[in-house]
Amino acid sequence: MALNGGDEDFEWEPPSEAEMKVIQARRERQDKISKLMGDYLLKGYKMLGDCCDVCGTILLQDRQQKKYCVSCQELDSDIDKDNPALNAQAALSQVRERQLAAQSPAPSQTPELNGGPSNGQPSVSVPQPRPEHCEGAAAGGRALLPPPAVPPPPAAPSTTALAPTRPAVCPQNPALRPVLQEAEEAVLTKLRWATTQLQGAASLEASIQLCSLITSCANSLRSLKELSQ
Amino acid sequence: MCSFFCPFMSHGSVVGVLEAVILRSFGPEGGQVLFTRDTGQAMLSRSGTHILRALHLEHPLARMVVECVWKHSTVTGDGSKTFILLLASLLRKIHTTASREPHVSHSYNSLEAAEAATARHLADKLLAFALKELDDLIAMEVAPHGRCVSWEDFTAEMHSPANHYVQKLLASFFHMRLGYVHCAFISELTCELLNHWKCIDNLPYFALQFLKDNFPAIHTPVSGFPITSSRLIEGQVIHRDFATPYPQTDHQPIKAVVFTGYLQPRLLNTGDVLEVGCGGTEERSIVDFSAWTERSLQCLIANLQSLGVSVLLSVVKQSAAVLALATQAEMCFVDCVSEDELSLFAQLSGATPISDCWRIEPEHIAELTFCRPILLGPHRYENMPFFSLTCKATHLHAKNYLGTIHTSHLQTLVADVFIIRVKVKPYSLIICGSGEGQTDQYACAFQDAIRMLFTTWEPIPATGTTAAKRTVQSDKRTSSYTHVLTDSSTCTSSNLNPLHKCVLQPGCIMPAGGTFEFLLHHALLKLSHSCSASNDTNIGVPVSRLLASALLSVPKQIYSHSPGQFLQTRTRHNAIFTQDMGLESVSCKYELLLAVLQCVTSLLRVDTILRTHTALHTQSLADTSWESTEDEAEN
């Protein structure tokens, strides 16, 4: 729902189904919190005038003067359930996502790169980690901004360049040189990007994936250099 | 440093928490809350006010809500859990409506601000609607399904239908409050009490008001006995023992006086300066002074003896010399009597308390039938009934109560009161319970029952447009008012002057179990369909529809254990008195609705809550005083 500065009329659109589900889920969660807090109040806890910094729920205080937030400490967090590093469910769903993504676009993207020379080359569908996928899933709830920029389409062929472990051996060197250079540049760009991402990576899973990406980038560069020689 | 948070969301969450607290005790199937203290005292209670006031709440909104509930229950005596339910449901509905259609005519900084402003606007409209139109709606659509019980009919005979209805009303009240086992016994006891006190005045609710105001002095809690030992005894019980040995006197009537001050001047107060021996040639000492005061006391006692006074009541603790002289003169002396009891004594006997003990007039002397000690449980009290009330005393009563009546009724009432000569035999209520907590609970339940009855039979003053009509046609209205009071049939608008709107009749009761809510829900929906949207074009949703949907939350909770019954009752709402869920008072429900709407308005007017942090040592002091006040509140 876009909110204008107030000069124009506020265009209100009814919430979409996904938003309705979110609203419903939030309401149920709020009811659960209220019920839990009511039980604690009846047990003798004190309702404070403060709110929790993390989730905004009203804080309770027990007889030993210890503060207690019902939603943080008892209920599962709204957003943590999407983080694969913390939740097994999210990790499993991420693996499934990866498999799906590796299977479907791989056949369509290999002709793009290998073009003429290696049209018979089978595309090895090794499920390489796709950084944009795992970063997106891990940072889905926590990050306020949309997930880190999906690599622009020119970089897409570079990822598929990683897919085949054996680059196509081309007999014609001069015709292949610009293509190889392009490929090298693309791989280097990817390597640079992966390095910067690795420096900022928060979760274990992501770091592992980025390291493997860097490894494959290095392997690809080596192969490309062998090719060009 | 101050913290700011969006209060709109937290209104709903705070009230939602309170709702979760009382929900399990709500309704006829509701459970009781067991309170325990660190001292080991335990108590069971189902009273909403009691539960809410026992919670430790530091959140300002929560405290505000509990304060509203408590104030409401001191007026009507009932409905504190329903209050919270309605409040939560209304806030949810207002929030939903506001988020669906925020008020877009002004520019706001954020969506939350727009929603909050819409909510406030909705709440104000709801309150305005309720104050203006709700009583007429209830009188026309809801009250005809109930029955108007006239207070005069109540005490005509023990087995009249009016008696039956009042007893059933009380029985359902006590059933909800105290449980099923003793509700019949307690409601019979209350009816008996009302019967005895009814003849105090001509107009019906005076007796109820008198009982309501003087209840602390009229009842005596005695713990250690089963509730079935509770009974009425004749006369007023003064909750102090005799300070002097009680002499057995046979002659009647016994005369009594009440002193408010000290009979013997006190010598040794801090800060007093006593000048002895001034202006004379002889040297005077303090011994001479005290001898002089004793001589003057002897004169006073002799004066009282000559007047035939044998019972002395005092507010303050008198000195040993006074007691000794009183014993010598064979007078009963009771000191340290509480103010409420003395004021009740003064009202019943017509005797004014003496402030200057040297001027005792006949108006200061009360006449009693008997005065004897009574042993109630571990305490010995004094029991003294009264002989008669004079006309003058009745006039005094009228003066006390006229101030609380709507001013337009004043002319009629003063005329009636002057002529009456009433004989009243006061009765006191002894309430027994197994422990102190239980006894206190029973006493609170009795007091709340009387408040509920008072609210039921209190005529609702004119509001809004009807008030204007009343000042114009005061004669006609007065006659119709008295006509209404004596009308004991089911109320219909044809009985009243057709020129003014139908007003909610006093004494209207209907079956409990959500009937009132269903009927009002249907009436509000009918109103919203029939009236055009001309008043509410800004919002687009008539407030009556909002109120109608919020009202359904109460019967939904009552029938939460059996949804089938909810649907059945909803469709068969015009089946009167066939279900055995008891009776409830329409006036109490109306007052409850108004109180809830006022609470909603004041809650939604809160924009921000600023919390300031003070220095550490004062904070800890504030915390300890908080604890102590909360402990006192729990008492």
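A residue counts as buried here when its relative accessible area is under 20%. By that yardstick, buried residues make up 50% of the 635 residues in chain B. Keep in mind that this is a predicted model.

**Chain B overall**

Chain B has 23 helices and 16 strands. Take the contacts between residues at least 6 apart in sequence: 76% of them join residues at least 24 apart. As for the outside, the accessible surface of chain B is about 29300 Å², and carbon and sulfur atoms account for 55% of that.

**Two helices to look at**

Start with helix α8, residues 183-197 of chain B. How far apart are its end C-alpha atoms? They sit 21 Å apart, which agrees with the 21 Å that 15 residues should span at 1.5 Å a residue. Several α8(B) residues are buried, including Cys183(B), Ile186(B), Leu189(B), Leu193(B), Leu194(B) and Trp197(B). Polar side chains turn up on that list too, among them Ser187(B), Thr190(B) and Asn195(B).

Helix α12 covers residues 339-349 of chain B and is mostly covered, with 8 of its 11 residues buried. Among the buried ones are Leu342(B), Leu344(B), Phe345(B), Ala346(B) and Leu348(B), and the list also takes in Glu341(B), Gln347(B) and Ser349(B). Right after α12(B) comes Gly350(B), which has a positive phi of about 80°.

**Strands around β15**

Strand β15(B) pairs with β4(B) and is also joined to β16(B). Here are the two pairings side by side:

| Strand pair | Sense | Bridges |
|---|---|---|
| β4 (residues 147-148) and β15 (residues 508-511), chain B | antiparallel | 2 bridges |
| β15(B) and β16 (residues 583-585), chain B | antiparallel | 3 bridges |

If you want to find these in the viewer, look for Cys148(B), which stands opposite Cys508(B) in β15(B). For the other pairing, Met510(B) has Glu584(B) in β16(B) as its bridge partner.

**Cysteines**

How many disulfides does the structure hold? The count over all chains is 0. Cys68(B), for one, is in no disulfide: its nearest cysteine sulfur belongs to Cys599(B) and is 3.6 Å away. A disulfide needs the two sulfur atoms within 2.5 Å, so that pair does not qualify.

Is Cys68(B) buried or partly exposed? Its relative accessible area is 24%, so Cys68(B) is partly exposed. Cys191(B), back in helix α8(B), has a relative accessibility of 4% and therefore counts as buried.

Conventions
Residues are numbered from 1 along each chain as its sequence is written. Chains are lettered from A and ligands numbered from 1 in the order in which they are written. This is a predicted model: local features need pLDDT of at least 70, side-chain atom pairs count only at pLDDT 80 or more; totals for chains, interfaces and linings use all residues. Side-chain values use heavy atoms; hydrogens and water are left out. Helices (H or I, at least four residues) and strands (E, at least two) are DSSP runs, numbered from the N terminus. Buried means under 20% relative accessible area, exposed over 50%, partly exposed in between (1.4 Å probe, protein chains only). Contact means heavy atoms within 4.5 Å. Accessible areas come from the Shrake-Rupley method with a 1.4 Å probe; for residues, only the protein chains shown count as cover. The expected span of a helix is 1.5 Å times one less than its number of residues. Two strands pair if DSSP finds at least two bridges between them.
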